[in-house]
Amino acid sequence: MSRLQYKLTPMVAEHLDEIAELEKQCFSMPWTAEMLREELFNPTASFIVAESREGHVLGYAGLHAVLDEGYISNIAVREDCRRQGVAGALLEAFCRFGAAHLSFLTLEVRESNEAAIGLYEKHGFSVVGRRKDYYDKPKEDAILMTREFERDE
């Protein structure tokens with residue numbers, strides 16, 4: 001099996017239709033192309049894309065940063081590209097940003113999403129709480145996870 005080739009690049013308007021389609025495949029309450037388009041102009045948002053050599057979206061992730069706090073809003077990877085390091089590369093990019101600029105990164109994840117929870121733990125996130133019935137379709141709790149950064153450097 002050949003290694004999946006991709007590059008991380010900032011999200012641009014040309015990515016929006018593919019990302020909106022990926023949202024539909026990955027989430028029961030997907031963001032629309034219009035919602036994603038608004039993020040292009042949000043000064044607190046940063047969205048990155050894992051893009052194939054042919055320019056197709058393999059995965060993407062979104063971060064919102066306010067002052068020294070970061071919130072990872074989305075991480076999604078095409079099903080045929082999972083378990084090949086794409087989500088880890090997207091997450092690691094945000095962790096490097098966090099280490100340089102933030103006090104912490106936080107996110108929530110469905111309690112049944114064991115693969116994602118394992119990925120977040122591998123990247124230094126810890127469970128800090130739970131939001132009861134946070135998700136719909138199906139109704140499910142969210143696990144809150146946070147990674148703190150040392151700010152003395």
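**Entry 1. Strands S2, S3 and S4**

I began with the hairpin of S3 and S4, which has 2 residues between its strands. In this hairpin, Leu-67 takes a positive phi near 55 degrees. I note here that the model is a predicted one. S3 and S4 run antiparallel and are joined by 8 bridges. Looking across to S4, I found Leu-63 opposite Ile-72.

I then turned to the other partner of S3. S2 and S3 pair in the antiparallel sense as well, over 7 bridges. Here Glu-51 stands opposite Val-57 in S3. The hairpin of S2 and S3 has 4 residues between the strands, and Gly-55 takes a positive phi near 90 degrees in it.

How many of the residues of S3 are buried? I recorded 8 of 10, and S3 is thus mostly covered.

**Entry 2. Ser-52 in S2**

I looked up Ser-52, which is found in strand S2. Its relative accessible area is 7%, so I entered Ser-52 as buried, the cut-off being under 20%. Setting aside residues up to four places away in sequence, I listed Gln-5, Tyr-6 and Leu-58 as the residues that Ser-52 touches.

**Entry 3. Aromatic pairs**

I counted 4 aromatic pairs. One of them is formed by Trp-31 and Phe-47, with 5.9 Å from centre to centre and 55 degrees between the planes, and it is classed as tilted. Which parts of the chain does this pair tie together? Trp-31 lies in the loop between helix H1 (16–26) and helix H2 (33–40), whereas Phe-47 lies in strand S2 (residues 45–52), so the pair ties together parts that are 16 residues apart in sequence.

I checked the burial of Phe-47 next: with a relative accessible area of 5%, Phe-47 is buried. Ring pairs also bring in Tyr-60, so that I drew Trp-31, Phe-47 and Tyr-60 as a linked cluster.

**Entry 4. The nonpolar cores**

As a general background, nonpolar side chains in soluble globular proteins tend to be buried together. In this model, the largest nonpolar core has 28 residues. The members that touch the most other members are Ile-72, Leu-91, Leu-105, Val-109, Tyr-120, Phe-125 and Met-145. I noted that S2, strand S3 (57–66), S4, H3, S5, H4 and S7 each supply at least two residues of this core. Which element gives the largest share of the core? That element is H3, with 7 residues.

I recorded a second, separate core of 12 residues, and among its members are Leu-16, Leu-22, Val-49 and Ala-76.

**Entry 5. Helix H4 and Tyr-120**

I listed Ala-116, Ile-117, Leu-119 and Tyr-120 as the buried residues of helix H4 (residues 114–122). Why do they line one face of the helix? Seen down the axis of H4, the buried residues fall within an arc of 160 degrees, so they line one face. The face turned away from this buried side carries the exposed residues Glu-114 and Lys-122.

I then asked what the buried residues of H4 pack against. They pack against strand S4 (69–77), helix H3 (86–101), strand S5 (104–110) and S7. For Tyr-120, leaving aside neighbours within four places in sequence, I found contacts with Ile-75, Leu-91, Leu-107, Val-109, Phe-125 and Met-145. Just after H4, Gly-124 takes a positive phi of about 90 degrees.

**Entry 6. Thr-106 in S5**

I placed Thr-106 in strand S5. Is Thr-106 buried or exposed? Its relative accessibility is 19%, so Thr-106 counts as buried, the cut-off being under 20%. The side chains of Thr-106 and Thr-146 are joined by a polar contact of 3.0 Å. Beyond four places in sequence, Thr-106 touches Gly-70, Tyr-71, Ile-72, Met-145 and Thr-146.

**Entry 7. Asp-141 in S7**

I closed with Asp-141, which is found in strand S7 (residues 140–148). At 7% relative accessibility, Asp-141 counts as buried. A polar atom of the Asp-141 side chain lies 2.8 Å from the backbone nitrogen of Asp-133.

Not counting residues up to four places away in sequence, I listed the residues that Asp-141 touches as Val-109, Arg-110, Glu-111, Arg-130, Arg-131, Lys-132, Asp-133, Tyr-134 and Tyr-135. Ser-112 is 29 residues from Asp-141 along the chain, and I noted 8.7 Å between their C-alpha atoms.

Definitions and conventions:
Residues numbered from 1 in each chain as written. Predicted model: local features only at pLDDT ≥ 70, side-chain atom pairs only at ≥ 80, totals over all residues. Heavy atoms only, no water. Buried < 20%, exposed > 50% of the residue type's maximum accessible area, 1.4 Å probe, protein only. Contact = heavy atoms within 4.5 Å. Polar contact = N/O pair within 3.5 Å; in protein donor to acceptor, adjacent residues only side chain to side chain. Arc of directions from axis to C-beta. Phe/Tyr/Trp six-rings, centres within 6.5 Å; stacked < 30°, edge-to-face > 60°. Core = buried A, V, L, I, M, F, W, Y, C linked by side-chain atoms within 4.5 Å. Pairing = 2+ DSSP bridges.
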